[in-house]
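Visitor: I should like to understand how the terms used for this structure are justified. Please take me through them one at a time.

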Amino acid sequence: MKKNLFTAAILSMTLVFAACKDDEPAPGPGVETPGSAREFVSLTASIPDEAGTAGNGGTMAYAITHEQAIDPNFSVNIYQNGFGLRSARTARVQASEDGTELYNIQYTGEDGGVFNKYLVKGAKDYQDTGNELDLSDIVGTSPRWTKAAENIGIGVHLTGSTTVTEGAAPNHIFKYTRGKVRIAVIDLENAKVPNSTEFDFPLPAELEAQGYSVGRIDVPVLNQAKNKIFIGCNVSKIDPAKLSYNTAGEPVWANDAANRTIGTTTLVVDYPSLQNPKLIYSTLSKTNNHSYRTMTQYVGTDGHVYQATATGGKDILRISKSNDEYDNGYHFNLDAALSLTDTRIQAWRYIQDGVGLVLYNIAGKGGYMALIDLNAKTAAKISSDYEAGLDFGQYQNLAVSGDYVYVPLTPTGQAGRLYVVNWKTKEVIKGTTLTGQSGSSYLGSY
Amino acid sequence: MLLRHSLLITAIVTLFNFNILAQTTSQKTAVIKGRLKEEKGSVVSFATIRITGTNIATFSETDGTFLLKEVPYGNQEIVITSVEIKAKAFKFNVDKPYHEISPVVAKTALDLNEVQIVEKTEKKQIETQGFAVAVIETKEASLRNLTTNELLDRAVGVRVRQNGGIGSRVEYNLNGMSGSAVGIFLDGIEIATYGSSFNLNNIPPAMIERIEVYKGVLPSHLTGDYVGGAINVVLKKDASQNNITAAVAYGSFNTFQSDLSGIYRNKKSGFTTRASGFYTYTDNSYTTWGKFSKFVHPDRTLERYYKAKRFNNTYKSIGARFEVGFTNVKWADQFFLGYNISDTYSEIPHGTTMAKPYVGRFGEYQAHVVSLNYNKNNFLAKGLAVNVNAVRSYRSTYVQDTVGQVYNWDGRPRMLIRNGVEIPVPPTAGMGQQGPKSIVQVNRQITNMRTNLGYTVAPGHRVSLNHKLETTDRDDNDLLNPVNKDLVTVSNVMNNIFAMNYEAQLLNDKLRTNLLAKYTFNRTIHTRPELVEQDGANIINRIRNKTVNNNKGYGATVSYNVVSKMYVIGSTENSYVAATENQLYGDPENNILESPGLIPEKNVNYNLGVRHGPIQRGKHKITLYASAFWRNGFDKITQQAVEDQIVQGRESDADIQVTKYVNLGRTQSRGFEGEIIYIYDNRLNALFNFSKFNTLFKQKFDQQGNPHDLYNLQLPNEPFFTMNGSFQYRLNDKFQKKSILNIYYNTGFVGAFRTVWMDSEWFTTPTQFYHDIGASYRLPSGKLVVSFDLKNILNAEMYDNFGVQKPGRAISIKLNYTISKFL
């Protein structure tokens, strides 16, 4: 008991001192840095749940200045000194382009599907604006959402996917598997939901009969004209001839992804009416593009949409701004650009003028960075000190400010650093030290 | 360190000391029967009658009768004491097997109409055996409007976490251990056997003799794989007096509760019947106004602190228990055949939290239970005692959830803007309130049998053998989407526990020791279908697979009577829990991979405490109790996370991760508890108890083998500091002569606790601090008692679980009526 009190006292004192240190305005180096366009860069990290399971216990946030970000002697202990964003599990955080506002939709739990908005005031000072939205009825308590354009959030969910059969056990006949698409538009500025929709997933009947279905949709992005939303789809295929029964006695059919013939699929709906759903297919890749927890589609400086086949693929595909269809004449292949095989894009960010930063692994292992040029179709790897231990599976976001991209790198449970990459000069600064905590890792910058 | 903190010590009023495990000795013994009267001829009840220098004691019943068993031959001194009489001692020569006496005692100047006996003999007996145990008496509480759960919650070291009002889900926390670590028994049989309709939410205290709460180490009559302890509810056994009692109560939130019970015994034949029943109805329509009471507007903006009245929360429960048999006859001390029936209808107002109200989700629970109970001392041979309790139950659970509409806490459908128009949230195809639409019925047939053989080897040395058998046949029916049962995977589980203990009383009965050993044998038969193609069509083959696992355990308790009325008690246990079939062989449906290398979990428990009292100084009486505990779990089987694997075909589910079980976890819970009871002049009765513990995260290394930063931190979501206090004051002859008025005050405190690892005000369950007052008035006839209760008088905002507000202020009135001495 006594020891615990003592520990608590030490901890709270540490906290006080740490807070004092962070409150001091960081003295600028005197010269104007291109990164000072914005005041703060927010970093987020996940923490473990009650059982110690990595990444499931919530999300911490902490805001630093550019000067602190590039200072290797500066240290952030987000787990002790950070701000806990409201979410029972890992939050799905988005931010305004200038980093002054964070948006979060809580992922599962008591307030799963609840939207919160925070004003970023530095260090652990995040002011909850009190603007809350309940999206659970529209996009569920574990919503897939992104900031589809500045001030516009789009939440999507594929709900109630069920398999329709004929006949009786033990000779059930497969008909089709289908769910409903649900979409909500979120006005991030005024915190309200001005429109939403729901419709059956529009997969053609002949594809459904062959065992195709879409079980998850994600990464909605708004095109440059702001009249179409592109949504990534997780296409799966079963073999209608291979029947078995699960322990509850329900019929199930064997996975048949190997015999998939249709390409990467994107769902397109009109904005803001959310009408006229249609599907577009790529002829260049068959890898799904629904990503995991991070945005993987961006409107380029040239007005086209660049879409990665994340998080299982190596491709960046292009959706043309002229007809809102796949541009099957354009293909960026990370394997080719890096002369590697089986690279998988885990997260990426389109920066400007065809330049992007990609976080990838190789055959599911490690975590690597590369600056890519989508126009030249080239890539330049950026080495880090943590490559083998990194896992970008939960990675969410990369902040860009002026010439800099901010990449927090921490292997799970270990300390790491904030890498600040000058995308123009390719200069890499190993900045702020990020302390580690068991079962935790950094998720991104905003 | 713990000792320093145990300065705050505690107590128990113990007026009498009586040995229930009547010691059979090899010497000749006799039975002394009698009736106690005072000089004017009226009977004296609740007086202690004791044989000096022995453990033989009893107390007189309401009709003054008493029975002393197994009194050794020879000159004995009989001492009769009670607060309402002058103590009397007299010599008596026991020279034949049966004596009948009629002692006369003198009343004290204070002519008490009735002595409030708060604690009874068995309480002290059990509490000084060496186990870390608290015994809760229900006699007093049964007259008031208290549920069994409320009563339990006030006991030292017990926290009853309730997810709402009456009938809501309850979790019992014993000094930091909860869930499947804690066993809940009814007369030594797992209460689940009696079905969800017969539980501590609705069994009225009037049906209960006492409740034993064992923390940590369990005695052999409650064995099972429970490392955190057990709660054993002992139903009324007493058949000494024919009577009928009835009670009705009505209170806030349209809550109506009633119970009725009767006992009849034919003194000549020993034929005995007991019947009791209860009926509870409540709307649970209490108001919530906290942070999680929320309202969603059509543009989806969320308003918190919305004042809402709960709905779809009706709870209706009816149950009865009938027993027919013989008591105190030549061939049996007790022989009963019983039938227990219960039926509950319970609306489910929300999920684990109040996030959204449910409409139309409800459960219906039914159970028919037949039982046989036989016990006999000196069975077949002298000194051999047998006790058999066998129960067969047919229970069913029906849960329906077919309404798709989403509602707000104002009771109306939630709205949204769809394609520009404001409409009620369209129901999601196939979805009910909590998940997919469902109508599920589960039927279970459970056989649960416990047999205990005790043999007194020599005076003060007793060996007991205990066997428990439990089998469950479970039949799941999906009534909404029926499936072919030939294709369902079925598990049939049989559970056998053998336990043995040796009790010894040494050093002039000052030292009592108890050595325990147990062996558990579980067998599971798993039957699954396999499809075989024959002539182009599938046929089904059923494949049977048998698995067995064994657990063992051993423990010891010791109790030492240091000085008069002061006992030092200690216990320890070492037990193992083997991995379950799912943990070993995986469960593909739930994305769990196989892990054949698992070894059994090991649990080591220690308890050490002291009981002292009652110490009497004039009219002041004080009793103290303090105990420290230390529970350790090793090689705990926990799920290991394998991040970010998405199972093909189930992509639409929230992140699916394939995991497996590993022997990684370590748990530790240590702390202390104490209780102090003060009585003045048998009028004022004050009690205070507290429990404080740390349940720590003890995993030293993370899955990469690095030191774990959460090591030694308090686990979230465990209430770790609780306090209870109560006062009771009695006024005689108030309003009417010979009437008794009791005034009560009760307060409870539960310290705030985090629900997640991070320090966040939002995710903290706030401090609970409440005050209840009440009064009961016994009319001069003694037949009618009227009681009035006002709970949570300050209307405090209370939460046991994150985000579920509990009821605020509530008023109720209760009438109790007793007819005794008929026939």
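Guide: We begin with strand E5 (residues 92-95) of chain A, where A:Arg92 and A:Gln94 point one way, A:Val93 and A:Ala95 point the other way, and all are buried. The model is predicted: local features need pLDDT of at least 70, side-chain atom pairs count only at pLDDT 80 or more, and totals for chains, interfaces and linings use all residues. Residues are numbered from 1 along each chain as its sequence is written, while chains are lettered from A and ligands numbered from 1 in the order in which they are written.

Visitor: What makes A:Arg92 and A:Gln94 buried?

Guide: A residue is buried if 20 or more other C-beta atoms, placed from the backbone, lie within 10 Å of its own C-beta atom, exposed if 12 or fewer do, and partly exposed in between. A:Arg92 and A:Gln94 are buried, so each has 20 or more such neighbours.

Visitor: Why is E5(A) said to pair with strand E6 (residues 101-105) of chain A?

Guide: Strands (E) are DSSP runs of at least two residues, helices (H or I) of at least four, numbered from the N terminus. Two strands pair if DSSP finds at least two bridges between them; four bridges join E5(A) to E6(A), so the antiparallel strands pair. A:Arg92 stands opposite A:Ile105 in E6(A). Five residues lie between the strands of this hairpin, in which A:Gly99 takes a positive phi near 75°.

Visitor: Which strands are the edges of the sheet E10-E11-E12-E13 (chain A)?

Guide: The four strands form an open sheet with antiparallel pairing. Its edges are strand E10 (144-149) and strand E13 (192-200) of chain A, since each pairs on one side only. Seven bridges join strand E12 (residues 173-187) of chain A to E13(A), and the bridge partner of A:Arg182 in E13(A) is A:Glu198.

Visitor: What makes a set of residues a nonpolar core?

Guide: Its members are buried Ala, Val, Leu, Ile, Met, Phe, Trp, Tyr and Cys residues joined through C-beta atoms within 7 Å. The largest such core has 132 residues, of which A:Tyr62, A:Leu357, A:Val405 and A:Tyr406 touch the most other members. Strand E14 (residues 212-222) of chain A gives the largest share, six residues.

Visitor: How do you know that the radius of gyration of chain B agrees with that of a compact globule?

Guide: The radius is taken over C-alpha atoms, and the globule rule is 2.2 Å times the number of residues to the power 0.38. For 823 residues a compact globule would have a radius near 28 Å; chain B has 28 Å, and therefore agrees.
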